[in-house]
Amino acid sequence: MIEKQEGCVGYILSRLYQVESFHYRSLRFLKRLLSLICLVLLSACVSHGTVPVKSANGGFDPAQLAKMDIDRVVEAHQREMFVNLKLLTEKLYRRNPREWRKSGQASSEAAGGRIFEGKHAWKFTELEGKRGTEAIYLAFRVDYQGDRVLAFVAGLGSMIQMAFQDKTEFFVLDDLNAQALYNAARNVEIAVWKLSNARNDQGELFLLSNEGSGEAPNLSFKREFGKVIGSLDVLSKIVADKTNRMVVKIIQNLATAVFLPIK
């Protein structure tokens, strides 16, 4: 990317050198400015991905010059949400081992790794090409024979990424939609309700999650989902304040709620 940046700057400057009246100091300042502009444009072209991960580069990353503080905040919240989702996936596979076996994986770890480590753009053959809330619905469809954990988690992951415009890195020219982030938070709430209440024809839950009985109820699922919802709500407010746009807040009965549009 640096070579492309230098090529971009070099071409513009070669034209400017032809103007004899162009002052040297102005030219040096403009070179720095053009370097930043080209870096922003080139970075924007490579900011799409599947699961956000923190850069392993321990040294100076030139792409940081094209980021504002709010871009770093967005990336930090986004990465943390997928840490929460990965942990939830591990818990779901432990409580529902039959699901990872449906996908033909050697272990629950392999099944989880397939979701969070592959370059799949959230498209899985067994999900019938569905992403977002359409994939979440598959997890609770009576006639669905595939891995319900995959459908549920990949649906959530892709739905959240849609709210982030399918980007895993953000720069000064990027502009998120506060309403989409808010709607994504409400959709996670609806998905969690379905996870805890949707049942098959035999009256059994499609997927086991929280254990509410006993002296020490297991509510770890609820806590992790709460973190995801909280992050989306915080980012929605931050983006709304930045863009001076109002978010339309929607109140639904979870038992009858429908998923909200993201785009």
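Helices here are DSSP runs of H or I with at least four residues, numbered from the N terminus. The exercises below concern a predicted model.

**Exercise 1. Determine the secondary structure content of the protein and the extent of its burial.**

Solution. Step 1: the assignment gives nine helices and zero strands. Step 2: in sequence order the pattern therefore reads α-α-α-α-α-α-α-α-α. Step 3: the protein has 263 residues, of which 45% count as buried. Step 4: the exposed surface comes to about 14,400 Å², with 55% of it supplied by carbon and sulfur atoms. Step 5: among contacts with a separation of 6 or more, 71% are between residues 24 or more positions apart.

**Exercise 2. Locate Gln78, decide whether it is buried or exposed, and identify what its side chain meets.**

Solution. Step 1: Gln78 belongs to helix α3, which covers residues 69-95. Step 2: the cut-off for a buried residue is under 20% relative accessible area; Gln78 has 0%, so it is buried. Step 3: a polar atom of the Gln78 side chain lies 2.8 Å from the backbone oxygen of Lys167. Step 4: leaving out residues up to four places away in sequence, Gln78 touches Pro52, Gln161, Phe164, Lys167, Thr168 and Phe170.

**Exercise 3. Establish which residues Val73 touches beyond its sequence neighbours.**

Solution. Step 1: Val73 is also placed in helix α3. Step 2: its relative accessible area is 33%, so Val73 is classed as partly exposed. Step 3: apart from residues up to four places away in sequence, Val73 touches Leu235 and Ile238. Step 4: Val73 and Leu235 are 162 residues apart along the chain, yet their C-alpha atoms are separated by 8.5 Å.

**Exercise 4. Describe the largest nonpolar core and the helices that supply it.**

Solution. Step 1: this core holds 61 residues, and Phe152, Phe164 and Leu232 touch the most other members. Step 2: at least two residues each come from α3, α5, α6, α7 (148-163), α8 (178-197) and α9. Step 3: the greatest contribution is that of α8, with eleven residues. Step 4: for Phe152, the contacts outside four places in sequence are Leu92, Ile136, Ala139, Phe140, Ala191, Leu195, Leu207 and Phe225. Step 5: in soluble globular proteins, nonpolar side chains tend to be buried together.

**Exercise 5. Characterise α7 by its span, its burial and its two ends.**

Solution. Step 1: α7 has 16 residues and reaches 23 Å from its first C-alpha to its last, close to the expected 22 Å. Step 2: because 15 of its 16 residues are buried, α7 is largely enclosed by the rest of the structure. Step 3: at the start of α7, a side-chain oxygen of Asp147 comes within 3.0 Å of the backbone nitrogen of Val149. Step 4: after α7 comes Gln165, with a positive phi near 60°.

**Exercise 6. Compare the settings of Glu128 and Asn244, given that each has a positive phi.**

Solution. Step 1: most residues other than glycine have a negative phi. Step 2: Glu128 is not a glycine, but its phi is positive at about 60°; for Asn244 the value is near 55°. Step 3: Glu128 lies in the loop between α5 (108-117) and α6 (132-139), whereas Asn244 is in the segment after α9 (220-243). Step 4: Glu128, with a relative accessible area of 44%, is partly exposed. Step 5: Asn244, at 72%, is exposed.

Conventions. Residues numbered from 1 in each chain as written. Predicted model: local features only at pLDDT ≥ 70, side-chain atom pairs only at ≥ 80, totals over all residues. Heavy atoms only, no water. Buried < 20%, exposed > 50% of the residue type's maximum accessible area, 1.4 Å probe, protein only. Polar contact = N/O pair within 3.5 Å; in protein donor to acceptor, adjacent residues only side chain to side chain. Contact = heavy atoms within 4.5 Å. Core = buried A, V, L, I, M, F, W, Y, C linked by side-chain atoms within 4.5 Å. Expected span 1.5 Å × (residues − 1). Areas by Shrake-Rupley, 256 points an atom, 1.4 Å probe, with all protein chains shown as cover.
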